[in-house]
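Biologist: I should like to request a close look at a single part of this protein. Please explain each term in words that a first-year student can follow.

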Amino acid sequence: MKHLAIVSILVVIFTLLTNLFLQSVGLLPVEASTQATIIDRLFNTHFWIISFLFSLITVIVVYSLFVFRRRGDDETDGKFITGSNKLEIVWTLIPLGTVIFFSFLGAQSLAETTIIEPKALNVNVTAGQWYWSFEYPDFEIKTDTLFLPVDRQVKLTMTSVDVIHSFWVPEFRVKQDVLPGENFVKELYFTPTLVGDYTVRCAELCGGAHAYMNSPVKVMSETDFQDWVDTELGSVPQDPVGKGQKLVSQNGCVGCHSLDGSDGVGPTWLGLFGTTQTLADGTSVKVDEAYLKNAIIKPNAQIVAGYPANVMPSNYFDFFDDEDLAYMIAFIKSLQ
Ligand code: CUA
């Protein structure tokens, strides 16, 4: 009885300490959505159970090691114990009950996180190697940054142009795989609750630049969001370079081609125009309008030495007409 009392007290103390440790290491980032609060409630319940089970096992093992150790030259056998139905029933029923209880909590949280509100903001998400592109069908705006109003539910309708990607903003807690093919369009609902800057990360290994497949997410007040929409709608660039820049940022080109000279999956565009590049086949080519146009619509025809082939999508001639191509080339040309 004395041992049971000491062990119980120690288990309680170590449970509290372990939970304090788990809470202090910052495993979970800030809660920035309605869903995050629900999911964290579940996580915190799990942390308590984990703390208790860890303490229960380690305290009993360590206590037994010290208190019931062999003393002096005592070589007698311990007490011989055979089966106990009572014990077996208890250690079957308690874990069974716990697991059933947790599956109930899990189902309840899942139901709460997937509640759909009638006035959700629609955003169509396209994922590709290696970029995110966001389209607002209600405003006909396309962008590579996800702008969201605070406290309003957003409905993402997501598809991929190539392989499987996964939409994940840790602060919102929710995550959804993004699959290629029109029969596999996926939806994700969440409500941002905290104004701030976040990052959408790709959470599914999708090739060479998977680790860099990040895009900014900006959660702003309803008024700021409306201002952004108005500015976007009002600011249609008139000059070729501006039009080209817009096309480039809408289509995720900078996921692979940097604008600041840093190396990426593909060559940087800074200072590219007018240079002479050595190609993978040993020949060299001058980077002029004709070469750039060819490089966009037939990306595998003239690969620059040191860069991989068959990485850039080869269907851009479907997206861009000659005018678009001329704007984008004008933009690349301006990066000197
Ligand atoms: Cu896209 Cu990993």
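Biologist: Which backbone nitrogen does the side chain of S33 reach, and at what separation?

Modeller: The side chain of S33 reaches the backbone nitrogen of A36, at 3.0 Å. Before the surroundings of S33 are described, the basis of the values should be stated. This is a predicted model, in which local features need pLDDT of at least 70 and side-chain atom pairs count only at pLDDT 80 or more, while totals for chains, interfaces and linings use all residues. Residues are numbered from 1 along each chain as its sequence is written, and side-chain values use heavy atoms, with hydrogens and water left out.

S33 lies in the loop between α1, residues 2-24, and α2. Helices (DSSP runs of H or I, at least four residues) and strands (DSSP runs of E, at least two) are numbered from the N terminus. S33 has a relative accessibility of 1% and therefore counts as buried. Buried means under 20% relative accessible area, exposed means over 50%, and partly exposed lies in between, with a 1.4 Å probe and protein chains only.

A polar atom of the S33 side chain also lies 3.3 Å from the backbone nitrogen of Q35. The term for such pairs is a polar contact: two N or O atoms within 3.5 Å, where within protein one must be able to donate a hydrogen and the other to accept it, and residues adjacent in sequence count only if both atoms are side-chain atoms. Leaving aside neighbours within four places in sequence, S33 is in contact (heavy atoms within 4.5 Å) with E171, F172, T191, P192 and T193.

The helix that follows this loop, α2, spans residues 34-67 and holds another serine, S51. With 0% relative accessibility, S51 counts as buried. The side chain of S51 reaches a backbone oxygen, that of F47, at 2.6 Å. An α-helix has 3.6 residues a turn, so residues three or four places apart point the same way. Beyond its neighbours within four places in sequence, S51 is in contact with T15, T18, N19 and L22.

Another buried position is V178, in strand β7, residues 175-178. The relative accessible area of V178 is 0%. Its contacts, leaving aside neighbours within four places in sequence, include A127, W132, M158 and F167. By contrast, the C-alpha atoms of V178 and I94, 84 residues apart along the chain, are separated by 39 Å.

Further along the chain, G271 is placed in the loop between α5 (240-250) and β11 (276-278). G271 counts as partly exposed, at 28% relative accessibility. Residues up to four places away in sequence aside, G271 touches L335 and Q336. Helix α6, residues 289-297, has Y291, L292, I296 and I297 buried. These buried residues of α6 pack against β12 (284-286), α7 (316-319) and α8 (322-334).

These parts belong to a chain with eight helices and 12 strands. Its radius of gyration is 29 Å, well over the 20 Å that the globule rule gives for 336 residues, so the chain is more spread out than a compact globule. That radius is taken over C-alpha atoms, and the rule is 2.2 Å times the number of residues to the power 0.38. The C-alpha atoms fill a box of roughly 90 × 55 × 35 Å along the principal axes. Buried residues make up 36% of the 336 residues.
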